[in-house]
Amino acid sequence: MAEHTSSSITIEAAPADVMSVIADFARYPEWTGEVKEAEVLAVNDQGRAEQVRLVLDAGAIKDDHVLEYTWLGDKEVSWTLVKSQMLRSLDGTYALAPMAGGVRTEVTYKLAVDVKIPLLGMIKRKAEKVIIDRALAGLKKRVESIPQG
(Lines give C-alpha, C1' and ligand atoms only; values in the text may rest on other atoms or scores of the structure.)
Protein backbone atom coordinates (compact mmCIF):
# COMPACT_ATOMS: atom_id res chain seq x y z
CA MET A 1 0.00 0.00 0.00
CA ALA A 2 1.44 3.40 -0.98
CA GLU A 3 0.85 6.52 1.15
CA HIS A 4 -1.94 5.66 3.52
CA THR A 5 -3.80 6.87 6.57
CA SER A 6 -4.10 4.62 9.60
CA SER A 7 -5.93 4.57 12.93
CA SER A 8 -6.69 2.02 15.66
CA ILE A 9 -9.44 1.36 18.19
CA THR A 10 -9.98 -1.19 20.97
CA ILE A 11 -13.19 -3.22 20.82
CA GLU A 12 -14.55 -5.22 23.76
CA ALA A 13 -14.92 -8.50 21.84
CA ALA A 14 -12.84 -11.39 20.54
CA PRO A 15 -11.24 -11.06 17.08
CA ALA A 16 -13.59 -13.69 15.61
CA ASP A 17 -16.63 -11.66 16.74
CA VAL A 18 -15.17 -8.46 15.25
CA MET A 19 -14.32 -10.19 11.97
CA SER A 20 -17.82 -11.67 11.69
CA VAL A 21 -19.24 -8.12 11.74
CA ILE A 22 -16.66 -6.95 9.17
CA ALA A 23 -17.53 -9.92 6.94
CA ASP A 24 -21.31 -9.28 7.12
CA PHE A 25 -21.56 -6.90 4.17
CA ALA A 26 -25.37 -7.07 3.99
CA ARG A 27 -25.52 -5.14 7.28
CA TYR A 28 -23.01 -2.39 6.34
CA PRO A 29 -25.78 0.15 5.59
CA GLU A 30 -26.97 -0.31 9.21
CA TRP A 31 -23.69 0.79 10.82
CA THR A 32 -21.25 2.41 8.41
CA GLY A 33 -23.14 5.56 7.51
CA GLU A 34 -21.39 6.02 4.16
CA VAL A 35 -22.34 2.63 2.62
CA LYS A 36 -25.88 2.86 1.25
CA GLU A 37 -25.89 -0.54 -0.51
CA ALA A 38 -23.67 -3.64 -0.36
CA GLU A 39 -23.97 -6.62 -2.68
CA VAL A 40 -21.69 -9.67 -2.52
CA LEU A 41 -20.82 -10.63 -6.11
CA ALA A 42 -18.52 -13.61 -5.42
CA VAL A 43 -17.47 -15.71 -2.42
CA ASN A 44 -14.29 -17.72 -1.77
CA ASP A 45 -14.13 -21.40 -0.81
CA GLN A 46 -14.41 -20.44 2.91
CA GLY A 47 -17.73 -18.70 2.19
CA ARG A 48 -16.37 -15.17 2.69
CA ALA A 49 -16.93 -12.37 0.21
CA GLU A 50 -14.33 -12.14 -2.53
CA GLN A 51 -15.92 -9.33 -4.56
CA VAL A 52 -18.41 -6.80 -3.23
CA ARG A 53 -20.26 -3.96 -4.94
CA LEU A 54 -20.69 -0.95 -2.65
CA VAL A 55 -22.73 2.20 -3.19
CA LEU A 56 -21.01 4.92 -1.19
CA ASP A 57 -22.16 8.38 -0.16
CA ALA A 58 -19.41 10.04 1.86
CA GLY A 59 -20.36 13.66 1.24
CA ALA A 60 -17.82 14.80 -1.36
CA ILE A 61 -17.33 11.24 -2.57
CA LYS A 62 -20.36 9.48 -4.02
CA ASP A 63 -19.51 6.29 -5.83
CA ASP A 64 -20.64 2.87 -7.01
CA HIS A 65 -17.61 0.60 -6.92
CA VAL A 66 -16.48 -3.03 -6.70
CA LEU A 67 -13.80 -4.18 -4.25
CA GLU A 68 -11.88 -7.47 -4.15
CA TYR A 69 -11.21 -8.89 -0.67
CA THR A 70 -8.44 -11.13 0.68
CA TRP A 71 -8.96 -12.77 4.07
CA LEU A 72 -6.33 -14.00 6.53
CA GLY A 73 -8.54 -15.93 8.95
CA ASP A 74 -9.78 -13.66 11.75
CA LYS A 75 -6.50 -11.70 11.77
CA GLU A 76 -6.78 -9.50 8.69
CA VAL A 77 -8.84 -8.56 5.68
CA SER A 78 -7.57 -6.38 2.88
CA TRP A 79 -9.23 -5.01 -0.21
CA THR A 80 -8.40 -3.39 -3.48
CA LEU A 81 -10.43 -1.59 -6.12
CA VAL A 82 -11.71 -3.56 -9.13
CA LYS A 83 -13.82 -0.83 -10.75
CA SER A 84 -15.23 2.57 -9.86
CA GLN A 85 -16.80 5.68 -11.27
CA MET A 86 -14.90 8.21 -9.12
CA LEU A 87 -11.89 6.38 -7.70
CA ARG A 88 -8.57 5.62 -9.36
CA SER A 89 -7.53 3.33 -6.50
CA LEU A 90 -8.73 2.24 -3.07
CA ASP A 91 -6.64 -0.07 -0.91
CA GLY A 92 -7.48 -0.88 2.67
CA THR A 93 -6.85 -3.28 5.52
CA TYR A 94 -8.47 -4.17 8.82
CA ALA A 95 -5.84 -5.86 11.03
CA LEU A 96 -7.10 -7.47 14.25
CA ALA A 97 -4.87 -8.18 17.27
CA PRO A 98 -6.22 -10.01 20.35
CA MET A 99 -5.71 -8.31 23.72
CA ALA A 100 -6.43 -9.16 27.37
CA GLY A 101 -6.84 -12.91 27.00
CA GLY A 102 -8.70 -12.66 23.71
CA VAL A 103 -11.78 -10.80 25.00
CA ARG A 104 -10.64 -7.44 23.58
CA THR A 105 -9.34 -6.69 20.10
CA GLU A 106 -7.22 -3.87 18.76
CA VAL A 107 -8.44 -3.06 15.25
CA THR A 108 -6.14 -1.10 12.96
CA TYR A 109 -7.65 0.31 9.76
CA LYS A 110 -5.32 1.44 6.96
CA LEU A 111 -6.69 3.21 3.91
CA ALA A 112 -5.25 4.73 0.74
CA VAL A 113 -7.67 6.39 -1.68
CA ASP A 114 -6.91 8.06 -4.99
CA VAL A 115 -9.76 9.89 -6.71
CA LYS A 116 -9.98 10.64 -10.43
CA ILE A 117 -10.55 14.33 -9.72
CA PRO A 118 -7.46 16.20 -8.49
CA LEU A 119 -7.29 16.73 -4.71
CA LEU A 120 -4.50 18.16 -2.61
CA GLY A 121 -2.71 15.47 -0.62
CA MET A 122 -3.63 17.15 2.65
CA ILE A 123 -7.35 17.19 1.74
CA LYS A 124 -7.18 13.56 0.60
CA ARG A 125 -5.54 12.46 3.89
CA LYS A 126 -8.17 14.36 5.89
CA ALA A 127 -10.95 12.60 3.94
CA GLU A 128 -9.26 9.22 4.57
CA LYS A 129 -9.01 10.03 8.30
CA VAL A 130 -12.72 10.92 8.48
CA ILE A 131 -13.68 7.69 6.67
CA ILE A 132 -11.43 5.60 8.96
CA ASP A 133 -12.57 7.22 12.20
CA ARG A 134 -16.26 6.87 11.30
CA ALA A 135 -15.77 3.25 10.22
CA LEU A 136 -13.92 2.30 13.41
CA ALA A 137 -16.47 4.04 15.65
CA GLY A 138 -19.33 2.36 13.76
CA LEU A 139 -17.61 -1.04 13.91
CA LYS A 140 -16.99 -0.71 17.68
CA LYS A 141 -20.60 0.32 18.35
CA ARG A 142 -21.96 -2.50 16.15
CA VAL A 143 -19.76 -5.27 17.60
CA GLU A 144 -20.28 -4.21 21.22
CA SER A 145 -24.06 -4.06 20.74
CA ILE A 146 -24.20 -7.76 19.79
CA PRO A 147 -24.46 -10.14 22.77
CA GLN A 148 -21.20 -12.16 22.96
CA GLY A 149 -20.85 -15.83 23.66
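This report describes the cavities, a strand pairing, the salt bridges and several individual residues of a predicted model.

## The largest cavity and its lining

When the whole structure is searched, two cavities of 30 Å³ or more are found, and the largest cavity encloses about 370 Å³ of space. Its lining is made up of 24 residues, and those that lie nearest the centre of the largest cavity are Val35, Leu54, Leu56, Tyr109 and Ile131. By residue class, the lining of the largest cavity divides into 21 nonpolar residues, two polar residues and one charged residue.

Several elements contribute to this lining, each with at least two residues: helix H2 (28-31), strand E3 (49-58), strand E4 (61-72), strand E5 (76-83), strand E6 (87-99), strand E7 (104-115) and helix H3 (121-145). The largest share, which amounts to four residues, is supplied by E4.

## The pairing of E5 and E6

Two of the lining elements, E5 and E6, run antiparallel and are joined by five bridges. A hairpin of three residues connects E5 to E6, and within this pairing glutamate 76 has alanine 95 in E6 as its bridge partner.

Tryptophan 79 is also placed in strand E5, and this residue counts as buried because its relative accessible area is 8%, which falls under the 20% cut-off. The C-alpha atom of tryptophan 79 is separated by 7.8 Å from that of leucine 90, a residue 11 positions away along the chain.

## Salt bridges

The structure holds 12 salt bridges, and three of them are set out in the table with the N to O distance of each pair.

| Basic residue | Acidic residue | N to O distance |
|---|---|---|
| Arginine 27 | Glutamate 30 | 3.3 Å |
| Arginine 53 | Glutamate 39 | 3.3 Å |
| Arginine 48 | Aspartate 74 | 2.8 Å |

In the pair formed by arginine 27 and glutamate 30, the two partners fall into separate exposure classes: arginine 27 is partly exposed at 37% relative accessibility, whereas glutamate 30 is exposed at 51%.

The side chains of arginine 53 and glutamate 39 also meet in a salt bridge. Because arginine 53 belongs to strand E3 and glutamate 39 to strand E2 (residues 35-43), this pair ties together parts that are 14 residues apart in sequence. Arginine 53 counts as partly exposed at 22% relative accessibility, and glutamate 39 is likewise partly exposed, with a relative accessible area of 39%.

In the salt bridge between arginine 48 and aspartate 74, the closest N and O atoms are 2.8 Å apart. This pair links distant parts of the chain, since arginine 48 sits in the loop between E2 and E3 while aspartate 74 sits in the loop between E4 and E5, 26 residues apart. Aspartate 74 is partly exposed, its relative accessible area being 31%.

Beyond individual pairs, salt bridges that share partners join Asp24, Arg27, Glu30 and Arg142 into one network.

## Three aspartates in H3, E4 and E7

Aspartate 133 is located in helix H3 and counts as partly exposed at 33% relative accessibility. Its side chain makes a polar contact of 3.5 Å with the side chain of serine 7. Between aspartate 133 and glutamate 30, a member of the network described above, the C-alpha to C-alpha distance is 17 Å in space, and the two residues are 103 residues apart in sequence.

Aspartate 63, in strand E4, is buried because its relative accessible area of 3% lies under the 20% cut-off. The side chain of aspartate 63 reaches the backbone nitrogen of glutamine 85 at 3.1 Å.

Aspartate 114 lies in strand E7 and is partly exposed, with a relative accessible area of 24%. The C-alpha atoms of aspartate 114 and leucine 81 are 10 Å apart in space, while the two residues are 33 residues apart in sequence.

Conventions
Residues numbered from 1 in each chain as written. Predicted model: local features only at pLDDT ≥ 70, side-chain atom pairs only at ≥ 80, totals over all residues. Heavy atoms only, no water. 1 Å grid on protein atoms, 1.4 Å probe; cavity = no way out; pocket = protein on both sides within 12 Å on 5 of 7 lines; lining within 4 Å. Points joined across faces, edges and corners; volume = space filled by probe spheres on them. Nonpolar A, V, L, I, M, F, W, Y, C, P; charged D, E, K, R; others polar. Pairing = 2+ DSSP bridges. Salt bridge = Lys/Arg side-chain N within 4 Å of Asp/Glu carboxyl O. Buried < 20%, exposed > 50% of the residue type's maximum accessible area, 1.4 Å probe, protein only. Polar contact = N/O pair within 3.5 Å; in protein donor to acceptor, adjacent residues only side chain to side chain.
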